[in-house]
Every structure is written in C-alpha cells, then in structure tokens.
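Trainee: Please take me through one part of this model closely, and then set that part beside the rest of the chain. I would like the cut-off behind each term as you use it.

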Amino acid sequence: RPRGFDPSIDVSGLVDMDGGYLDRAIFTDQRLYEQEQARVFATSWLFLGHVEQLQRPGDFFTTYMGEDPVIVTKDKSGRIRAFLNSCRHRGARVLRADYGQTRAFTCTYHGWSYDLEGRLISVPNEAAYPEGGWDRDQWGLLEVAQLDTVLGLIFATWNPQAPTLDEQLGDMKYYMEAFLDRDSEGTTIVGGITKWILKGNWKLAAEQFGTDWYHVNMSHASALMVLSPTGRGPKKEIAETPGRQYSDERGNGTGFPTHPKSRFDAQPVHEYYDYAALAGRLGQARVQGPMTTGHATVFPNFSYLPVNGSIRVWHPKGPDEIEIWAWTVLDKSMPEEVREAQRLYNLRTFGPSGIFEQDDGENWSEIQAISRGWQTNRVPLNYQMGIGSEREDGVYPGSTSTLYSDSAGRRFYRRWAELMNTPAWHETEQS
Ligand code: FES
C-alpha cells in the first residue's frame with residue numbers, strides 16, 4: 001500500500017458541491033495527497049502522450065501516471081504499451097531518457113534487461129539465483145491494465161475495472177473533436193514538450209481549465225490589451241461573453257464562447273482556416289463554439305486550449321507543486337510555416353513565460369502560498385456560480401450551463417470526492 005494510505009479517510013466534510021463550498025485542505029494536506037495517488041490517479045484514465053511520439057517499434061518516451069514513472073513504447077508488433085519505469089530488482093528507474101529508440105530496456109544499476117513486451121530477458125550471473133526457486137517470467141515490468149488512443153492521444157489506466165476510455169469521455173469526445181478532428185489527416189506535434197515547475201496544487205490548474213471563464217477579462221486584462229488589434233483597454237464587464245460550459249458526472253468539463261467574433265484573430269491559425277469548410281466537417285455549432293477560445297479538462301489532469309493547439313498534463317509533485325508538460329498539437333495538413341508561427345504564438349501566450357500562463361500560474365501559486373494560514377483554513381471557498389443553470393440546451397450534447405459558471409468545477413470535485421471515498425480496485429482485489 002502507498003505510504004500514508006488510510007481507507008478510513010472521508011472527504012465528505014471538505015467537498016460540498018450541492019451547497020457550493022470547498023475546504024482548501026484538499027490542496028494542502030499531505031495525507032489527502034497520498035490518498036489521491038491511490039484512489040484518483042491509480043483508478044482513472046490518464047494522458048500519456050501523442051501517437052506521433054512513437055513512430056517505429058522500439059521508439060519510447062517516458063512520463064508519469066500520478067507520481068509513478070512509466071515507459072511508453074511501441075512493441076515489435078506495433079502495439080503501444082506502457083510499463084512502470086521501475087526495475088523489478090532493486091527498483092531503479094530503468095529508463096532515464098525522455099525519449100529514444102531501443103531494442104531492449106536495460107537497467108543501468110545491475111543490468112537486468114527487459115524486451116519491448118516487458119518480459120525480463122537477461123539477468124547477469126543468473127546462475128547464482130536459486131535453482132528451482134527462480135522464475136524469470138515472474139519478474140517482468142509491471143504493465144498498465146488498459147491502454148487506448150482517442151483522436152491521436154494515448155491514455156492508460158492501472159485500473160482493470162475502469163470503464164472504457166470511450167465511456168469515460170462520453171459526450172466530451174464531441175468537444176475534443178472540435179480541436180483534434182479538423183483535418184482528415186489527424187494531428188501532429190510541433191516542436192518538443194515544454195516542461196516547467198509551478199508552486200501550486202494540480203487541481204487548481206485542472207479545475208480552472210475545465211470551468212473558469214470568470215477570470216479571463218480580469219486576470220488577463222493586460223495580456224488581452226497587448227494582443228488586441230485595436231489595443232482596446234480592459235473591458236468594462238468581467239463576464240460579458242455569450243457561451244456555454246459543458247460538464248459531466250465523470251469530472252470532464254469545457255467552456256467556450258458561442259459568438260462568431262470569439263475567434264481570436266491574433267492566432268496565426270486564424271488566417272489558415274476555411275471556416276465554411278470546417279463547418280461542413282464539424283457542424284456550425286462546433287466551429288462557432290468549442291473550436292474557439294475555450295479551454296477544457298479531461299478528468300483528472302489533462303487539459304487543452306483548442307484554438308491554440310496547446311495540450312498539457314498537470315503532473316502532481318506533492319500537494320504544493322505541479323510539473324507542467326505542454327505540447328503544441330496542430331493539423332497534419334497545415335503548412336509548416338503556419339505551424340511554426342502557432343508554436344511561437346503558444347510559447348508567447350501559454351509557454352512557461354507566456355503572458356497568459358504567467359497570470360494563471362501566479363494566481364494558483366498565490367492561493368497555495370496563503371493556504372497554510374490557520375485562519376485561512378477556517379473559511380470555505382465558494383463554488384456557487386451558476387448553480388441550477390445546467391440543462392440540455394438542444395444544440396450542444398450533454399449538460400451545459402451558462403459560460404460564467406462553476407458547473408464543471410463542481411462536477412470535477414464531486415468526481416474527485418466520489419473516488420476519494422470509494423475503495424479502489426486494488427483494495428477490493430486485496431480483500
Ligand atoms: Fe535494476 Fe538491479 S535495480 S538491475
């Protein structure tokens with residue numbers, strides 16, 4: 001069992017999403033953080049990478065599922081597989097490289113070696129292991145229970161009882177297609193992965209990307225001014241954009257404007273797109289809504305900005321720290337110069353020193369920094385915006401609310417609390 005795991009922990013008193021109250025202990029408490037690893041990250045579908053990161057058998061990259069390091073590779077038959085990146089001998093990290101090409105995974109500590117299917121295939125001085133009591137087949141790399149791809153993205157889970165990835169996404173896939181299915185050729189990665197560390201709890205970032213439009217005109221007022229073609233000043237109204245916010249009981253959420261003018265003309269891709277043709281492919285509602293300047297979170301820690309082509313995973317590194325990994329993902333058919341212009345645009349806006357990213361990061365880090373105070377912890381946080389505004393709107397699938405709403409946030413934390421309070425597959429398997 002993971003360190004600190006305590007099945008008796010009950011988070012019901014910390015998350016009241018009927019009333020719209022949240023206790024900020026869920027961002028700071030070490031015991032809750034450890035529980036989260038066992039009951040949220042060990043049970044959910046988690047984002048691993050883009051299929052273009054693996055071209056040939058033997059290509060690999062390394063990443064994390066929660067705090068667990070994993071190797072993602074393409075085996076000899078071309079199947080994508082993911083293994084715990086920890087040697088079965090003494091637990092060393094088998095692969096230390098971020099990515100590469102190999103015929104076998106050889107641990108640099110004592111030289112145990114595993115094939116692309118995860119089998120232990122070579123053990124130096126194997127004769128020294130007890131005759132008859134040694135079974136090499138028992139000591140292969142631990143493999144994820146399920147792995148699947150959707151729209152070019154690779155997800156996996158340790159949970160053999162998890163619903164399929166399609167079921168986990170449900171209607172969310174309709175919204176993801178507005179970003180990842182604009183081109184019949186699919187998408188590709190432009191440039192590498194940008195990685196940086198931020199002080200703050202991973203849920204602050206995941207929640208905001210799923211639900212929070214309320215901050216945009218306030219937090220990003222200066223950035224919006226810089227990018228506006230007219231250089232207009234901050235808007236009088238904080239919440240002025242018409243739009244919808246989707247949420248579901250699996251914790252996924254996305255918010256997007258629904259006005260044709262909400263296409264952000266400063267984006268290099270704006271000149272490239274034939275919006276009439278895209279409407280033929282995706283439908284007018286999607287082109288005017290979810291493919292514009294929205295943002296989204298696939299529960300628990302994968303988020304994206306559809307029009308920017310920015311995807312990111314919020315890797316938890318303790319209750320107080322996030323390691324952010326961000327990719328630029330764009331249509332395969334897009335000319336290289338447009339892709340490159342968009343990659344640079346992404347770095348300027350949502351890279352580690354991007355003018356929007358810094359606004360967001362500062363908010364999250366500030367919330368985290370003051371969450372240690374005693375009085376700070378006595379007062380709940382407010383998630384009441386838009387309570388009761390959720391409905392089937394007849395245009396967008398699933399349940400949507402007004403754009404300026406905490407609906408997806410409430411469902412994110414409901415799902416989080418449900419998982420935190422439910423024995424996970426590994427507990428019921430043990431009992
Ligand atoms: Fe890997 Fe010993 S820890 S071979």
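Mentor: What follows begins with one helix and then moves outward to other parts of the chain. The model is predicted, so local features are described where pLDDT is at least 70 and side-chain atom pairs count only at pLDDT 80 or more, while totals for chains, interfaces and linings use all residues. Residues are numbered from 1 along each chain, as its sequence is written.

The part to look at is helix 12, residues 355-370, where helices (H or I, at least four residues) and strands (E, at least two) are DSSP runs numbered from the N terminus. At 1.5 Å a residue its 16 residues should span 22 Å, and the C-alpha atoms at its ends are 23 Å apart, which agrees; the expected span is 1.5 Å times one less than the number of residues. Buried in helix 12 are Glu357, Asp360, Gly361, Trp364 and Gln368, with a residue called buried if 20 or more other C-beta atoms lie within 10 Å of its own, exposed if 12 or fewer and partly exposed in between, the C-beta atoms being placed from the backbone. Because these buried residues cover an arc of only 95 degrees around the axis, they lie on the same side of helix 12; the arc is that of the directions from the helix axis to the C-beta atoms. An α-helix has 3.6 residues a turn, so residues three or four places apart point the same way. On the other side of helix 12, Glu366, Ala369 and Ile370 are exposed. The buried residues pack against helix 1 (25-28), strand 13 (187-199), helix 5 (202-211) and helix 11 (336-350), where two residues are in contact if their C-beta atoms, placed from the backbone, lie within 7 Å.

For the wider setting, the protein chain is divided into domain 1 (47-147) and domain 2 (163-420), with bounds that come from an automatic or database domain assignment. Taken over C-alpha atoms, the centres of the two domains are 34 Å apart, and their contact takes seven residues from domain 1 and eight residues from domain 2. The largest nonpolar core has 86 residues, of which Ile71, Val72 and Phe155 touch the most other members; such a core is a set of buried Ala, Val, Leu, Ile, Met, Phe, Trp, Tyr and Cys residues joined through C-beta atoms within 7 Å. This core draws at least three residues from each of domain 1 and domain 2. Beyond four places in sequence, the residues that Ile71 touches include Phe60, Ala82, Val94 and Phe105.

Tyr304 lies in strand 17 and counts as buried because it has 26 C-beta neighbours inside 10 Å. Leaving aside neighbours within four places in sequence, Tyr304 is in contact with Phe179, Ala296, Ser310 and Ile311. Although Tyr304 and Gly210 are 94 residues apart in sequence, their C-alpha atoms are 9.1 Å apart in space. In the loop between strand 16 (295-298) and strand 17 (302-305) sits Pro300, and a cis peptide bond with omega of about 0 degrees joins Phe299 to Pro300.

Asn125, which is not a glycine, has a positive phi of about 55 degrees; it lies in the loop between strand 10 (120-122) and strand 11 (146-150) and counts as exposed because it has 8 C-beta neighbours inside 10 Å. Most residues other than glycine have a negative phi, and most peptide bonds are trans.
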